[in-house]
Amino acid sequence: MADFITDTNYYFSKGNQLYDLKEYDKAIIAAHLSRNGDSDDIIYLNIAMTYCMKGDYLKAVKNYAISLAIRSQSEKAWSGSGFCFFTLGKYEEAISRFKKALEVDPKYTQAYLNWGLSLYCMKEEAEAVKVIEEALKNSSLHKSTISERYKLQLSSAEGRLAKAENEEGKALLKEQING
């Protein structure tokens, strides 16, 4: 008879290792096995981040929502779900979640950057600049680090917009949004 591992810390650690190895399906299973009631918000946050890395944004949003239902003061869950909505092209919903993340942690740089990118994608460049300036003012990160992150993300967002400008790109985005 096989010995079954019942130590939740083992599965939590194993899930993180599998995530680092980009074995996302196995990481999700390990995360589910690590549930113990005390830190379920973190477990669901990890599951959501893993679905996000796989590109399954709707499942990611569902797991971010579960994490937030357990612990609503999680800037990472708010920002992560915002990123999913951003990726799905639902910029206004994304912005509302980035703002929630900043209510929890006003120095959470990634939420500012993603908020700025959302505004940029909505063709609200002047507002985007204001948000990025706010990130520079409030962040503990060095300004050059923030600038480099934003440039990388802006390049990615511009590529995404260019794809969406042709009919095939629009159909793909519509498929992602509608499931």
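So, how much of the 179 residues in the chain do buried residues make up? The figure is 43%. Before I go on, keep in mind that what you're looking at is a predicted model.

Okay, the fold. We've got ten helices and zero strands, so to speak an easy one to read out: from one end of the sequence to the other, the pattern is just α-α-α-α-α-α-α-α-α-α. On contacts, if you take those with a separation of 6 or more, 48% are between residues 24 or more positions apart. And for the outside, the chain's accessible surface is about 10600 Å², with 53% of that belonging to carbon and sulfur atoms.

Now let's go inside. The largest nonpolar core has 37 residues, and the members that touch the most others are Ile-47, Tyr-64, Cys-84, Phe-86 and Trp-115. Which helices supply at least two residues each to this core? That list runs α2 (24–33), α3 (40–54), α4, α5, α6 (91–104), α7 (109–121) and α8. As a general point, nonpolar side chains in soluble globular proteins tend to be buried together.

Hang on to Phe-86 for a second, as we've just had it among the core residues with the most partners. Phe-86 also turns up in an aromatic cluster, where ring pairs link it with Phe-83 and Tyr-91. Searching the whole structure gives two aromatic pairs.

While we're on rings, have a look at Trp-78. The charged end of Lys-100 sits over the Trp-78 ring, 5.5 Å from the centre.

Two single residues to finish. The first is Ser-74, in the loop that runs between α4 (57–70) and α5 (75–87). Is this loop serine buried or exposed? Ser-74 counts as buried because its relative accessible area is 5%, and the cut-off for buried is under 20%. As for who's around it, if you skip the neighbours within four places in sequence, Ser-74 is in contact with Leu-68 and Val-104.

The other one is Ala-135, which you'll find in helix α8, residues 125–138. Here the relative accessible area is 0%, so Ala-135 is buried too. Which residue should you look at alongside it, 23 residues apart along the chain? Try Tyr-112: the C-alpha atoms of Tyr-112 and Ala-135 are separated by 5.6 Å.

That's my tour, thanks.

Technical notes:
Residues numbered from 1 in each chain as written. Predicted model: local features only at pLDDT ≥ 70, side-chain atom pairs only at ≥ 80, totals over all residues. Heavy atoms only, no water. Phe/Tyr/Trp six-rings, centres within 6.5 Å; stacked < 30°, edge-to-face > 60°. Lys NZ or Arg CZ within 6 Å of the ring centre and 35° of its normal. Helix = DSSP H or I, 4+ residues; strand = E, 2+ residues; numbered from the N terminus. Buried < 20%, exposed > 50% of the residue type's maximum accessible area, 1.4 Å probe, protein only. Contact = heavy atoms within 4.5 Å. Areas by Shrake-Rupley, 256 points an atom, 1.4 Å probe, with all protein chains shown as cover. Core = buried A, V, L, I, M, F, W, Y, C linked by side-chain atoms within 4.5 Å.
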